[in-house]
Amino acid sequence: MVKELYKKIENFLQQNDADYDDISIDPNTEEVEISISWGDWKHSHARLRNLMSQLGYIRTDSVTTESDGSDCYSAVHKFIKI
C-alpha cells in the first residue's frame, strides 16, 4: 500500500515539475513528508502545498531546516490525507 501511494505522489509531483528532494511515508499512519532544499517560498514550497491539496492532502506541519533570511529556504513538509 505504501509503495503504491509513494509512486502515485512521486508521479504526480514529477508530472507537474514540482521542486522537491525526498518523499517519505510513515507505513503506520500514511503521513507523507516531503523535503525541499533551498526552494523559493512561492514557486517551491507554496506550490508543493497546492499540488498536494489536489491529491486530497492537507499540510499539518512544516519544519524549516535551513534559512539565510532570503525567499529561499529548506524545509520538511508533513501532509495527511483528508
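# A walk through the sheet

Start by selecting Ser-35: you'll find Ser-35 sitting in strand S2. Keep in mind as you click around that this is a predicted model.

**Stop 1: around Ser-35**

Is Ser-35 buried or exposed? Its relative accessibility is 18%, and buried means under 20%, so Ser-35 counts as buried. Now show what surrounds it. Leaving out residues up to four places away in sequence, Ser-35 touches Tyr-20, Asp-21, Asp-22, Ala-75 and Val-76. Pick Val-76 from that group: Val-76 belongs to S4 and stands opposite Ser-35.

**Stop 2: the whole sheet**

Zoom out and switch to a cartoon view. You're looking at an open sheet of four strands, in the order S1-S2-S4-S3, with antiparallel pairing. Which strands stand at the edges? Select 22-25 for S1 and 57-67 for S3: each has a single partner strand, so one side of each is left without a neighbour in the sheet. Turn the view and look along the sheet, where the twist averages 20° from one strand to the next.

What holds neighbours like these together? Strands of a sheet pair through backbone hydrogen bonds, either parallel or antiparallel.

**Stop 3: strand by strand**

Go across the sheet in order. S1 and S2 run antiparallel and are joined by four bridges. Within that pair, select Ser-24 and look across to Glu-33 in S2, which stands opposite. S1 and S2 make a hairpin with six residues between them, and in the turn you can pick out Glu-30, which has a positive phi of about 60°.

Step over to S2 and S4. How many bridges pair them? There are seven, again in the antiparallel sense.

Next comes S3 with S4, so select residues 72-81 to light up S4; S3 and S4 pair in the antiparallel sense over nine bridges. Two spots to click here: Asp-61 has Lys-78 in S4 as its bridge partner, and Ser-67 has Tyr-73 in S4. S3 and S4 form a hairpin too, with four residues between the strands, and Gly-69 there takes a positive phi near 90°.

**Stop 4: the helices**

Select residues 2-15. This is helix H1, which packs on the sheet and touches S1, S2 (32-40) and S3. Compare directions: H1 makes about 150° with S1.

Then select residues 41-54 for helix H2. Which strands does H2 lie across? S2, S3 and S4, and H2 runs at about 155° to S2.

While you're in H2, click Arg-49, which is found in this helix. With a relative accessible area of 45%, Arg-49 is partly exposed. Apart from its neighbours within four places in sequence, Arg-49 is in contact with Arg-59 and Phe-79. Try a distance label between the C-alpha atoms of Arg-49 and Arg-59: they are separated by 6.8 Å, with the two residues 10 apart along the chain.

**Stop 5: salt bridges**

How many salt bridges does a search of the whole structure find? Two.

For one, show the side chains of Glu-10 and Lys-7, which meet at 3.2 Å, N to O. Both lie in helix H1, three residues apart, about one turn of the helix. Glu-10 counts as buried at 14% relative accessibility, while Lys-7, at 44%, counts as partly exposed.

For the other, select Glu-33 and Lys-78, whose closest N and O atoms are 3.7 Å apart. This pair links distant parts of the chain: Glu-33 is in strand S2 and Lys-78 is in strand S4, 45 residues apart. Both residues count as partly exposed, Glu-33 at 27% and Lys-78 at 22%. You've met them before, and they share one more link: Lys-78 in S4 is also the bridge partner of Glu-33.

**Last stop: a patch on the surface**

Finish by selecting Ile-58, Ile-80 and Ile-82 and turning on a surface view. These residues form a nonpolar patch on the surface, with about 290 Å² of accessible area together. Zoom in on Ile-58, which lies in strand S3. At 41% relative accessibility, Ile-58 counts as partly exposed.

Methods
Residues are numbered from 1 along each chain as its sequence is written. This is a predicted model: local features need pLDDT of at least 70, side-chain atom pairs count only at pLDDT 80 or more; totals for chains, interfaces and linings use all residues. Side-chain values use heavy atoms; hydrogens and water are left out. Two strands pair if DSSP finds at least two bridges between them. Axes are lines fitted to C-alpha atoms, for helices over the stretch in contact, and angles run from 0 to 180 degrees between N-to-C directions. Contact means heavy atoms within 4.5 Å. Buried means under 20% relative accessible area, exposed over 50%, partly exposed in between (1.4 Å probe, protein chains only). Patches are made of residues with over 30% relative accessible area and no salt bridge: like charges are joined within 9 Å, nonpolar side chains (Val, Leu, Ile, Met, Phe, Trp, Tyr) within 5 Å. Accessible areas come from the Shrake-Rupley method with a 1.4 Å probe; for residues, only the protein chains shown count as cover. A salt bridge is a side-chain nitrogen of Lys or Arg within 4 Å of a carboxyl oxygen of Asp or Glu.
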